[in-house]
Structure formats: C-alpha cells, structure tokens
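Hello,

Here is the structure I promised to pass on to you. Have a look through it first, and then read my notes below.

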Amino acid sequence: MNDTALHFQRQAIAIPHPSNEIWTVEAVEALFNLPFNDLLFRAQQVHREHFDANKVQLSTLLSVKTGGCPEDCGYCPQSVRYNTGVEAEAMLSLGDVLDAAKAAKQAGASRFCMGGAWRGPKQKDLDQVKEMIRNVKALGLETCGTFGMLKEGQAEQLRDAGLDYYNHNLDTAPEKYGDIIHTRQYEDRLDTLRKVRDAGMNVCCGGIVGMGETREERAGLIAQLANLAPPPESVPINNLVQVPGTPLSGTEKLDWTEFVRTIAVARITMPKSFVRLSAGRQAMDEAMQSMCFLAGANSIFYGDKLLTTGNPEVERDRQLLAKLNLEPL
Ligand code: SAM
Ligand code: DTB
Ligand code: SF4
C-alpha cells in the first residue's frame, strides 16, 4: 500500500451512526476500543463540526443545602449514612447565594449551578430555591439546579422561576447501578429526566466513572445518555472523587487514558451536547485536562469548590485556559 492509500485507510475509521438510530452498547464499546489516536481524531472531527473548538463554557457550583441526605449513593460525602466529616447544614440565605453568584459572574462564569442534598425537594425547599433562581437569573446568569428527584408539577415550578437547566445524573450503567445506590432506582432517574424535558427545561445529565465499573459498563452509561431523545444538552463526566468514609473510597483508580477515552466517546455519540469535564479535575494535571479538551470536552466547573470537595483555583484555571487559547463562552 502506498502512503496515500494508507493515509485514507487510516482516516476511514468511521463507525456509521445515522443520528436517528439508537446507539447499541456494542457500537459504543467499539469506539472505546479504537486505537487512542484514532479515537481522538474522530472526536476532534465531530467536535469541530458542531462547535468552535477553542471555546469553553464555564459553570460555577454552589451547594445551597449541604449534607444530611437520606440517600445512600456510594460515592457521596453528603449521605447521612457515611462518616465523611460533612455535617448537615441549614439552607444558605438568599444573600449568601447572591454574593456567590455575583462573584461567579465577576470571575467569568456564564452559568450558576445550585445543589441541594435531598432525595427530592419538599415544597418549602422549593419555595426557597425558586427565590434563589429568580434572583440569580436577574443577575444575567444562566441558572442550573440539582435538587434530586422531582414530583409532578415541580419541574414546571422551577421552569417558571427561571431555571434554565436541571442536573440529574444517570451516574452509571443500568447493570452497575444496583452496586452503587439502593434507595432509588434507575427508572426513578429516567422519570425525573422526563419531567424536566416535558417542562421544557434543558437537561444536564451525565455520570461518574472510576467507580470500579468495566469498560462495557462505561459504554453502557454513554449509550443510555446518547439514546435519551433528545440527548442531554449538557453531559457532565465526573471522575470519582474518593472521599474517605464513603463506600467507594479505595476503589482502584481509572487510568487517565480511559478517562480521556470516555470524554471522546461522549463527544462522538452526543455531537451537539456540551460535554463537561466535571468532578475530579483537581487530581488531574494540566496535560491530562488538555487531552480532555482535545477529546471534545467544552465545559468545566469553574470555582475553587464543587459541592463539598475541592476544584482547581480560579487563577490556575485562568492560566490553563490562557495557555491553551481557550476562550470562555
Ligand atoms: N442530591 C441531588 C441528586 O443526587 O440528584 C443533587 C446533588 S448530587 C451531589 C449531584 C451529582 O454529583 C451526583 O448525581 C453525582 O453524579 C455527583 N457526585 C456526587 N459525589 C461525587 C463524587 N464523590 N465524585 C464524583 N461525582 C460525584
Ligand atoms: C455533576 O455531575 N457533578 C457536580 C454537579 N453535577 C452537581 C457535583 C460533583 C460533586 C463532587 C463531590 C462534592 O463536591 O461533594
Ligand atoms: Fe444525596 Fe445526591 Fe449525595 Fe445521593 S448524590 S447522597 S441524593 S446528595
């Protein structure tokens, strides 16, 4: 084979996927199994078809109600069932939330995400977060909330208060799910996602890797996300932050290439979605984060803290983005 033929053969690594077909776990796993460079090349191609590859969306998180959660999610420091040093706190005041939102805007974030450690919000919780949403929105920020499972009518209330995105993750593949969480089912999560969609809000839905799942299970998670119709507008890919005291603390860590592969596969299967390089960034060096951007990540959590754990300092992120000529959206 001459050089030119070889070149074209190497380019022909497309695994066809007409966008109106569902992704099988096998097809997604085939992407994971591609040679690393071929996978990244494909992810870059797809990324550039749909986005400016030099732009990144910045979201700042704030835990408005921390700890004391009755659920048993095996990764989570906020569950009341594990001794992690995170104590149950009262809801933040509107003033504190607005101060944090103003600071986030000032630092360059375009979206402000508020989190509540609940199984789901009660009406009195909802009334308070609606007030927060209205006021954060009035600052000219996009709003996102993650408050757990929603009951009938709650998504509409959040939408009417001005919530742009609701974050609710599938977390892992259906077959792995029962190892991680026992207090709510996969179907409950899909039900909340349907309510968010039906209310006309944007869906932010992703998962966590590095929880001891197999590559097939990572593919299973991505297939679930990609087959949501339509796929989520925003897809957070979290690398497990191991918090001592949680059942998943001590899990074998994922090799960095496998995390980058997961980002690339999310990009290819959800071409029009923002793929967020989410939790776990503090433990990643700049080169690994840069590989994630190269693999198609185009959103990050921006701010010194996630919900209860750390995130790279704003100044460090500014320097990294400047080095990579990445501009905030
Ligand atoms: N209580 C609400 C719920 O579970 O939907 C909202 C907050 S919850 C902390 C939001 C998401 O954060 C979880 O679904 C999970 O994907 C992610 N998360 C929590 N702890 C994490 C950890 N230690 N490492 C990575 N991601 C984590
Ligand atoms: C998401 O997917 N990751 C964020 C956000 N959605 C709410 C949360 C990460 C939490 C990491 C552990 C902590 O800080 O408590
Ligand atoms: Fe509670 Fe959410 Fe943590 Fe699960 S992930 S324990 S629901 S705060």
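**What surrounds the ligands**

Sorted by class, the residues in the shell of ligand 3 are 6 nonpolar, 1 polar and 2 charged. Before you go further, please keep in mind that this is a predicted model.

Let me stay with ligand 3 for a moment. Which residues make up its surroundings? They are C69, E71, C73, Y75, C76, S79, A117, W118 and R184. The space that ligand 3 takes up is the largest cavity.

Now for ligand 1. There are 15 residues around this ligand, and those that come nearest are Y75, T146, N169, D171 and V241. The shell of ligand 1 divides into 7 nonpolar, 6 polar and 2 charged residues. If you zoom in, you can find some polar neighbours. The side chain of D171 has an N or O atom 2.7 Å from an oxygen atom of ligand 1. On the backbone side, a polar atom of G116 is 3.3 Å from a nitrogen atom of ligand 1. W118 also has a backbone N or O atom 3.3 Å from a nitrogen atom of ligand 1. How much of ligand 1 does the protein cover? On its own, ligand 1 has 560 Å² of accessible area, and the protein covers 90% of it. The space taken by ligand 1 is the largest cavity.

Next comes ligand 2. Around this ligand you will find L61, P77, T146, N167, N169, P236, N238, F301, L306, L307, T308 and T309. By class, these are 6 nonpolar and 6 polar residues, with no charged ones. Where is ligand 2 placed? It sits in the largest cavity. Three residues are worth clicking on here. In N169, a side-chain N or O atom is 2.8 Å from an oxygen atom of ligand 2. In T309, a polar side-chain atom lies 2.8 Å from an oxygen atom of ligand 2. In L307, the partner is a polar backbone atom, 3.0 Å from an oxygen atom of ligand 2. Taken alone, ligand 2 exposes 400 Å², and 88% of that is buried by the protein.

**A look at the cysteines**

How many disulfides does a search of the whole structure find? The count is 0. C205 makes a good example to work through. Its sulfur has its closest cysteine sulfur in C204, 7.6 Å away, so the two are too far apart for a bond. For a disulfide, the two sulfur atoms would have to be within 2.5 Å.

Is C205 buried or exposed? C205 is buried, because its relative accessible area is 0%, and the cut-off for buried is under 20%. C69, which you met among the residues around ligand 3, is also buried, with a relative accessible area of 8%.

I hope you enjoy exploring it!

Best wishes

Key
Residues numbered from 1 in each chain as written. Chains lettered and ligands numbered in written order. Predicted model: local features only at pLDDT ≥ 70, side-chain atom pairs only at ≥ 80, totals over all residues. Heavy atoms only, no water. Near = heavy atom within 4 Å. Polar contact = N/O pair within 3.5 Å; in protein donor to acceptor, adjacent residues only side chain to side chain. Areas by Shrake-Rupley, 256 points an atom, 1.4 Å probe, with all protein chains shown as cover. 1 Å grid on protein atoms, 1.4 Å probe; cavity = no way out; pocket = protein on both sides within 12 Å on 5 of 7 lines; lining within 4 Å. Sits in = over half its atoms within 2 Å of the grid points. Nonpolar A, V, L, I, M, F, W, Y, C, P; charged D, E, K, R; others polar. Buried < 20%, exposed > 50% of the residue type's maximum accessible area, 1.4 Å probe, protein only.
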